[in-house]
Amino acid sequence: MAKQEPQRSCLGCRTAKDKRELLRFVLAPDRTLVPDPQGKLPGRGAYTCWQRECLRTAAAKNQFARSFRGEVRSGGADALIARVVQLLEERIGSYLALANKAGKVVSGSDTVAEAFKRRTPGVLFVAADLSGESRERFVFLADRAGVPVVELFTKDRLGALIGKEMRGVAAIEQSGFITTIMTELEKYRNFVREGCSNHE
Ligand SMILES: [Zn+2]
């Protein structure tokens, strides 16, 4: 085995895992429970698996209060879950913005279609509110080329992330960004999965 990582237990299912594989929470000074998906916030952490069910169980059984020895303000399981989803979406968006700054993003129907002819992109973003026909066209292109499709952002948001007017599609070219973004995406998909088919 590789070198031992520090282990922590999930407050939901009690499974011990490598700390970095778990979703971290910290307590703000006003005792608000704050998700810390990047594991960077100061203070002691409490952990759950990257699973909604574990987070729900932990909240329902008051495990965060136990872990932080006193009442915590969380707004309940659903609010926590929504916050984590939002943070994950923001993070994926920020990688798109970074890739754009590095000159690795193409956008707009014609340019993206052209990009598929030249060299298969690493990830394709399709706006969640793109019309049916356009959406089908690009999802088909991506499927055929084995390119993962991300449908998290509206046209407005997609454009804003790359400093443009609204965009229906944007693609990140093959680059170092792809591995990172795919890791975040997998986390996201895993987290939103159960009983939430509209994100699949
Ligand atoms: Zn768990």
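This is a guided walk through the predicted model shown above, from its overall layout to its sheets and its core.

Let's start with the whole chain. The C-alpha trace spans about 55 × 40 × 30 Å along its principal axes. Seven helices and nine strands make up its secondary structure. Of the 200 residues, 32% count as buried. If you like contact maps, here is a useful figure: among contacts between residues at least 6 apart in sequence, 66% join residues at least 24 apart.

The domain assignment divides the protein into domain 1 (7-75) and domain 2 (89-199). Their C-alpha centres lie 30 Å apart. Where the two touch, domain 1 contributes four residues and domain 2 contributes five residues. On the domain 1 side of that contact there are two nonpolar and two charged residues, and no polar ones.

Next, have a look at an open sheet of three strands, which follow the order β4-β3-β5 with antiparallel pairing. Its edges are β4 (33-36) and β5 (46-48), each of which pairs on one side only. From one strand to the next, the twist averages 30°. Strand β3 (residues 23-27) is joined to β4 by four bridges in the antiparallel sense, and one place to find this pairing is F25, which stands opposite P35 in β4. Helix α3 (residues 77-101) lies across β3 and β4, and its direction is at about 35° to that of β4.

Now turn to another open sheet, this one of four strands in the order β6-β9-β7-β8, where the pairing is mixed. The strands β6 (105-107) and β8 (149-150) are its edges, each pairing on one side only. Inside the sheet, β7 (residues 123-126) and β9 pair in the antiparallel sense over four bridges, and F125 has A170 in β9 as its bridge partner. Two helices pack on this sheet. Helix α5 (residues 132-145) touches β7, β8 and β9, with a direction that makes about 170° with that of β7. Helix α7 (residues 177-192) also touches β7, β8 and β9, and its direction makes about 120° with that of β9.

With the sheets in place, we can move to the interior. Nonpolar side chains tend to be buried together in soluble globular proteins. Here the largest nonpolar core has 51 residues, and those with the most contacts inside it are L124, F125, V169 and A171. Helix α3 supplies the largest share of this core, seven residues. The core also draws at least three residues from each of domain 1 (7-75) and domain 2 (89-199).

V169 is a good residue to zoom in on. It sits in strand β9 (residues 169-172). Why does V169 count as buried? There are 28 other C-beta atoms within 10 Å of V169, and 20 or more are enough for a residue to be called buried. Leaving out residues up to four places away in sequence, V169 touches S107, S109, V112, L124, F125, V126, A127 and F138. For a sense of how the chain folds back, V169 and F116 are 53 residues apart in sequence and 12 Å apart in space, C-alpha to C-alpha.

A171 is another of the residues with the most contacts inside the core. Setting aside its neighbours within four places in sequence, A171 is in contact with V105, V106, V112, A115, P121, V123, L124 and F125.

Notes: Residues numbered from 1 in each chain as written. Predicted model: local features only at pLDDT ≥ 70, side-chain atom pairs only at ≥ 80, totals over all residues. Pairing = 2+ DSSP bridges. Axes fitted to C-alpha atoms, helices over the stretch in contact; angles between N-to-C directions. Contact = placed C-beta atoms within 7 Å. Domains from an automatic or database assignment. Nonpolar A, V, L, I, M, F, W, Y, C, P; charged D, E, K, R; others polar. Core = buried A, V, L, I, M, F, W, Y, C linked by C-beta atoms within 7 Å. Buried ≥ 20, exposed ≤ 12 C-beta atoms within 10 Å, placed from the backbone.
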